[in-house]
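Hi everyone, thanks for making time. I'd like to walk you through a structure that's probably new to most of you, so let's bring it up on the screen.

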Amino acid sequence: MSDIYFKLVNTPVGKTAAQSLGLPSPVPLNRLKRADQAFIEGKVLVGAGIGGRAIATIGGVLGASAATLYHASGKASLEDSSKAGNKAQALELGSDIETKFSALVFDASGLKGPEDLRALYDFFHPTIKKLGANARVVIVGQDPATCRKAPQAAAQQALEGFTRSIGKEIGKKGATANLLWMAPNAEKQLESSLRFFLSARSAYVSGQVVRVGKSASTPTINPVAPLTGKVALVTGASRGIGASIAETLARDGATVVGLDIEPAMADLENVMRAIKGKALSCDITAQDAPVKIADFVENHFGGVDLVIHNAGITRDKTLGNMPEHFWDITIAVNLTAEEHINDELMSRELLREDGRIVCISSISGIAGNFGQSNYSAAKSGVIGYVEAMAKQVKNGITINAVAPGFIETQMTAAMPLTLREVGRRMNSLSQGGQPVDVAETIAWYCSPASGGVNGNVVRVCGQSLIGR
Ligand SMILES: NC(=O)c1ccc[n+]([C@@H]2O[C@H](COP(=O)([O-])OP(=O)(O)OC[C@H]3O[C@@H](n4cnc5c(N)ncnc54)[C@H](O)[C@@H]3O)[C@@H](O)[C@H]2O)c1
């Protein structure tokens with residue numbers, strides 16, 4: 001459904017009117033135009049607090065990019081910034097910086113206590129107003145759960161509040177801020193996440209905290225077709241977010257099996273024809289669905305690498321008015337079916353080494369929603385399931401979730417007008433997301449280089465004001 005307000009405020013007259021009335025003025029977001037597009041261009045400034053462990057990795061990734069790289073200089077708290085390598089030119093931080101930055105990247109992993117937080121102020125205070133439209137802020141810290149001393153855990157946890165606040169301040173420029181919490185010795189695993197959060201692929205992801213752990217494999221990144229040779233199963237692939245996931249994974253080189261219910265077959269076949277995928281008619285709640293799916297991937301491909309549990313439904317009613325079949329079917333489609341399908345695929349060892357499972361939660365599963373006790377319970381359950389399974393999966397397999405906020409699909413087009421308008425505007429970017437924003441996040445999880453990204457729930461919500 002077209003966002004008329006968005007179109008209006010992006011005309012010269014509309015922009016002036018919105019500014020004078022103090023109304024939100026959402027900026028058009030730059031999304032990926034070509035698969036071979038550079039992940040970052042323009043001028044990027046990097047910095048590090050004392051003892052930062054990731055600065056050399058950050059400097060290496062950005063030094064090999066299409067961006068012009070600078071490192072902060074001139075402040076004692078930031079002297080480790082020079083470890084970004086010789087591709088980075090020194091830039092004295094002061095009030096007279098002329099440059100507009102496409103990204104600011106800060107390594108805060110060395111912060112040992114609250115007094116070290118001053119480095120954040122020293123780096124961002126003179127630079128934050130120099131961010132261009134659609135710019136990126138990425139902060140790298142150490143996962144507080146892995147900090148042995150309380151002051152260190154305090155400083156690292158402080159990064160969460162800081163990043164989320166920055167996201168709210170820069171959202172009016174269409175810019176985003178995200179935090180990567182590394183485990184000790186996980187520097188080598190940062191690259192795929194750095195690339196994603198600095199790129200146009202993460203246009204609608206802001207205010208997120210991602211844990212990056214260690215992984216046995218650190219494959220070289222294929223930036224254009226990272227999923228070459230992989231087989232992906234996408235449920236609910238005939239339309240909306242599912243169709244976009246199928247198209248995005250195919251763009252990245254995967255062979256896709258799209259699944260949907262029988263009435264959606266004509267649409268599903270159209271989507272699959274365009275991406276040379278295979279269509280599978282199946283109701284995921286049917287008792288024989290797990291076996292049918294497992295047989296299909298075994299017979300056609302000998303197994304599967306990427307399993308994307310996208311199919312979902314809503315059956316809204318306040319709890320006192322909710323018929324029991326609304327409750328049962330909503331839990332079955334959004335939660336129980338995923339578990340049964342995974343169990344079948346894993347018990348038959350059809351999910352291959354370095355496999356990826358991605359489940360779709362929702363902002364309703366984080367914050368709850370009026371009239372959605374069934375849906376919110378199911379989508380919260382998805383988070384519990386993913387976090388528990390992340391500790392159990394083996395052979396390089398990861399499991400993660402995305403929690404979309406307001407995404408422009410047939411599901412949200414069916415919402416009452418006022419609710420729809422509130423959903424679109426109540427986030428830092430003041431607009432709804434596109435299905436491709438969810439799909440790009442899933443493609444990042446699926447990358448062979450994302451082996452350290454396990455057990456995360458990333459919201460694709462433009463940093464919604466609802467929930468965390
Ligand atoms: N659109 C949003 O703003 C939003 C927000 C949060 C979460 N989500 C979640 O994202 C996912 C996709 O949402 P969407 O907006 O594209 O929805 P949609 O209704 O447009 O598409 C859902 C797809 O799932 C399929 N499906 C439903 N029941 C099925 C079953 N029993 N077996 C097989 N397939 C089945 C449908 O036929 C449809 O193709 C869902 O899990 C949804 O809960 C969407």
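Okay, let's start with a pair of strands: β4, residues 101-107, and β5, residues 131-142, run parallel to each other and are joined by 6 bridges. If you want one spot to look for, take V105, whose bridge partner in β5 is V138. Before I go further, keep in mind that this is a predicted model.

So what sheet do those two strands sit in? It's an open sheet of 7 strands, in the order β3-β2-β1-β4-β5-β6-β7, and the pairing is parallel. At the edges you'll find β3 (89-92) and β7 (209-212); each has a single partner strand, so one side of each is left without a neighbour in the sheet. On average, neighbouring strands here are turned by 25° against each other, ignoring direction.

Now for helices on that sheet. Helix α5, residues 150-170, lies across β5, β6 (176-182) and β7, and its direction is at about 165° to β6. Helix α6, residues 191-198, packs on the sheet too, where it touches β4, β5, β6 and β7. Relative to β5, α6 points at about 155°.

Let's move along the chain to another sheet. How many strands does this one have, and in what order? There are 7, again forming an open sheet, and they go β10-β9-β8-β11-β12-β13-β14 with parallel pairing. The edge strands are β10 (278-281) and β14 (457-460), each pairing on one side only. From one strand to the next, the twist averages 20°.

To zoom in on a pair here, look at β12, residues 351-360, and β13, residues 398-404: they pair in the parallel sense over 5 bridges. Within that pairing, C359 stands opposite A401 in β13.

Next, the helix I'd like you to remember, α7. It lies across β8 (231-235), β9 (255-260), β11 (304-309) and β13, and runs at about 170° to β8. α7 also packs with helix α15, residues 435-446, at an angle of about 45°, with the two axes 8 Å apart. α7 and α15 are therefore oblique to each other, and their crossing is right-handed. Which residues of α7 meet α15? They're G240, I241, S244, I245, T248 and L249, and on the α15 side you have P435, V436, V438, A439, E440, I442, A443 and C446. Sorted by class, that contact has 10 nonpolar, 3 polar and 1 charged residues.

There's another helix pair to show you. Helix α9, residues 289-301, packs with helix α10, residues 324-347, at about 45°, and their axes are 9 Å apart. That angle makes α9 oblique to α10, and this crossing is right-handed as well. From α9, the contact uses A289, P290, V291, I293 and A294, while α10 brings in A337, H340, I341, D343, E344 and L345. By class we get 8 nonpolar, 1 polar and 2 charged residues there.

Last stop, the ligand. Which of the 27 residues around it come nearest? Those are G236, G240, G312, T409 and M411. You've already met G240: it's one of the α7 residues that meet α15. As for helices, α7 (240-251) and α13 (410-413) each supply at least two residues of the shell around the ligand. And what's the mix in that shell? It divides into 12 nonpolar, 12 polar and 3 charged residues.

That's my tour. Happy to go back to any of these views if you'd like another look.

Terms used:
Residues are numbered from 1 along each chain as its sequence is written. This is a predicted model: local features need pLDDT of at least 70, side-chain atom pairs count only at pLDDT 80 or more; totals for chains, interfaces and linings use all residues. A residue is near a molecule or strand if its C-beta atom, placed from the backbone, lies within 6 Å of it. Helices (H or I, at least four residues) and strands (E, at least two) are DSSP runs, numbered from the N terminus. Ala, Val, Leu, Ile, Met, Phe, Trp, Tyr, Cys and Pro count as nonpolar, Asp, Glu, Lys and Arg as charged, and the others, Gly among them, as polar. Two strands pair if DSSP finds at least two bridges between them. Axes are lines fitted to C-alpha atoms, for helices over the stretch in contact, and angles run from 0 to 180 degrees between N-to-C directions. Two residues are in contact if their C-beta atoms, placed from the backbone, lie within 7 Å. Angles under 35 degrees count as roughly parallel, over 145 as roughly antiparallel, 65 to 115 as roughly perpendicular and the rest as oblique. A crossing is left-handed if the near helix is turned anticlockwise from the far one by less than a right angle, and right-handed if clockwise.
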